[in-house]
Amino acid sequence: MHEMSLCEGILQVIEAEAQKQQFTEVKQVVLDIGVLSGVEISALEFAFEVVMYGSVAEKAILKINEIEAQAWCMSCAETVMINQRYDACPNCESYQLQVSSGDEMKIKELEVN
Amino acid sequence: MCTTCGCGSGEVQIEGHDHHHHGGRQDIHYGTGPAHAHAPGLSQSRMVEIEKSILGKNDEYAQENRRYFTDNGILTLNLVSSPGSGKTTLLTRTINDLKENLSLSVIEGDQQTTHDAERIRETGVSAVQINTGKGCHLDAHMVGHAMENLSPEKGSVLFVENVGNLVCPAAFDLGEAHKVVILSVTEGEDKPLKYPDMFFAADIMLLNKIDLLPYLEFEVAKCIEYARRVNPDIQVLQVSATSGEGLEDWYEWIKTTRQTRLIGRSDILSKENNLQKLVSV
């Protein structure tokens, strides 16, 4: 998708937090990335290294928690697991699904010095 | 390429917007002052809970834009599609057909050239071109800046023609009321499945170039079914910007959506009623 600009976004958040929380080095960055977020993990890892270069997070290790996608099936009245937005309910094959998680794109925590 | 502020990279150009200053990144120097000095061995590493959206900055700008649009009763439609779906043709036709009755303006997003904004200006409606340079989408910050040059009227309709791309613009909220996805029948009916994020993010799909259906193997019903698999709520209108077929429905949708959002806004509506009275006299 646009992993480079996502990393720019991550860096902005880190720099703002660095000022607020008074840290000068980031050792680890933990992200929550949903499988429906459209983020290509390998591209994100590549871009991360490039974008963090020369910043407080230059040496940071990137840890990504991949969040599974869940949806509420209107017909079964149950929460079901899906892999794609266009998936049918695995139980009843209805497409009346309301995605409830899996589109996360957030910075969970930072390990800092 | 910067997500929330195109200014840093020097790639983004907004017509009529030469420069501006940010107190952001360039002002922060870590470890230069004594208070920021990092003494090795003294500090222990700690975990800091952040829980912040990666696109949080964009979302903040989008909320600012949205507040402005709501305060001024402006209906903003974010037009998204792949390149060549006929977005600009549809938009110029829409403008020509509606400009007598509605106040309209346009923000045009493209990587390069001001061709599209020029096409829009030929209709007599004001337009601002944003060139994203290498960027693949418009973001809320660029739109905020474009507004400074455009200043749309209260109660007007603002069209934002996003960069032709069915992937990235899905993730970037611009503060719009609705994303309108345009799909042309020359593209294949399975586009909603191939690019589900965009069809999920949109509230309405315009199936364009339906005048070409006799020459193509395109199953309209299947395409709509695919779109609804991804987004059960999506509204679908079949149109042709060339023949004019179905455009009345699209115009009706714009007018009704605008009207619904203006319910209770007597400050804007009473002015319009007065104007109409003047015209009828």
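## Strand E8 of chain B and its neighbours

Let's start inside chain B of this predicted model. Of the 5 residues of E8(B), 4 are buried, so the rest of the structure largely encloses this strand. E8(B) has pairing on either flank: E7(B) joins E8(B) in the parallel sense over 5 bridges, and E8(B) joins E9(B), also in the parallel sense, over 4 bridges. Two residue pairs help to locate these contacts on screen. Ser184(B) has Asn208(B) in E8(B) as its bridge partner, while Met205(B) stands opposite Val236(B) in E9(B).

## The sheet of chain B

E8(B) belongs to an open sheet of 8 strands, which runs in the order E1-E5-E4-E6-E3-E7-E8-E9 (chain B) with mixed pairing. The edges are taken by strand E1 (13–14) and strand E9 (235–238) of chain B; each has a single partner strand, so one side of each has no neighbour in the sheet. Strands of a sheet pair through backbone hydrogen bonds, and the sense may be parallel or antiparallel.

Further along the order, E3(B) and E6(B) pair in the parallel sense through 5 bridges. A handy marker here is Leu75(B), which stands opposite Val157(B) in E6(B).

For context, chain B holds 9 helices and 9 strands. Of its 281 residues, 41% count as buried. If you are thinking in terms of contact maps, take the contacts in chain B between residues at least 6 apart in sequence: 75% of them join residues at least 24 apart.

## Helices across the sheet

Helix H2 (residues 87–98) of chain B lies across E3, E4, E6, E7 and E8 of chain B, and runs at about 165 degrees to E6(B). H2(B) has 12 residues, and the distance from its first C-alpha to its last is 16 Å, close to the 16 Å expected at 1.5 Å a residue.

Which residues of H2(B) are buried? They are Lys87(B), Thr88(B), Leu90(B), Leu91(B), Thr94(B) and Ile95(B). Viewed down the axis of H2(B), these buried residues fall within an arc of 155 degrees, so they line one face of the helix. Their packing partners in chain B are strand E3 (75–81), strand E4 (104–110), helix H3 (115–121), strand E6 (157–161), strand E7 (178–184) and strand E8 (204–208), which brings us back to the strand we began with.

Another helix to look at is H4 (residues 140–150) of chain B. Helix H4(B) lies across E1, E4, strand E5 (126–131) and E6 of chain B, at about 145 degrees to E5(B).

## Where chain A meets chain B

Now for the interface. There, 34 residues of chain A are in contact with 37 residues of chain B. On the chain A side, helix H1 (3–21) and strand E6 (105–112) each supply at least two residues, and H1(A) gives the most, with 13 residues. By type, the chain A residues that touch chain B divide into 13 nonpolar, 11 polar and 10 charged.

Strand pairing also crosses between the chains. E6(A) pairs with strand E2 (residues 46–53) of chain B in the antiparallel sense over 6 bridges. Two of the residue pairs are easy to pick out: Lys106(A) has Ser53(B) as its bridge partner in E2(B), and Glu109(A) stands opposite Glu49(B). E6(A) has a partner within its own chain as well, since strand E1 (residues 26–34) of chain A is joined to E6(A) by 7 bridges and runs antiparallel to it. Here Gln28(A) has Glu111(A) as its bridge partner in E6(A).

## Two loop residues with positive phi

Most residues other than glycine have a negative phi, and that makes a couple of loop positions worth a look. Ala77(A) has a positive phi of about 55 degrees although it is not a glycine. Where is Ala77(A) found? Ala77(A) sits in the loop between strand E3 (69–73) and strand E4 (78–82) of chain A. Ala77(A) is exposed, with 7 other C-beta atoms within 10 Å.

In chain B, Thr113(B) has a positive phi of about 70 degrees, and it is not a glycine either. Thr113(B) lies in the loop between E4 and H3 of chain B. Is Thr113(B) buried or exposed? With 11 C-beta neighbours inside 10 Å, Thr113(B) counts as exposed.

Conventions. Residues are numbered from 1 along each chain as its sequence is written. Chains are lettered from A and ligands numbered from 1 in the order in which they are written. This is a predicted model: local features need pLDDT of at least 70, side-chain atom pairs count only at pLDDT 80 or more; totals for chains, interfaces and linings use all residues. Two residues are in contact if their C-beta atoms, placed from the backbone, lie within 7 Å. Ala, Val, Leu, Ile, Met, Phe, Trp, Tyr, Cys and Pro count as nonpolar, Asp, Glu, Lys and Arg as charged, and the others, Gly among them, as polar. Two strands pair if DSSP finds at least two bridges between them. A residue is buried if 20 or more other C-beta atoms lie within 10 Å of its own, exposed if 12 or fewer, and partly exposed in between; C-beta atoms are placed from the backbone. The expected span of a helix is 1.5 Å times one less than its number of residues. The arc is that of the directions from the helix axis to the C-beta atoms. Axes are lines fitted to C-alpha atoms, for helices over the stretch in contact, and angles run from 0 to 180 degrees between N-to-C directions.
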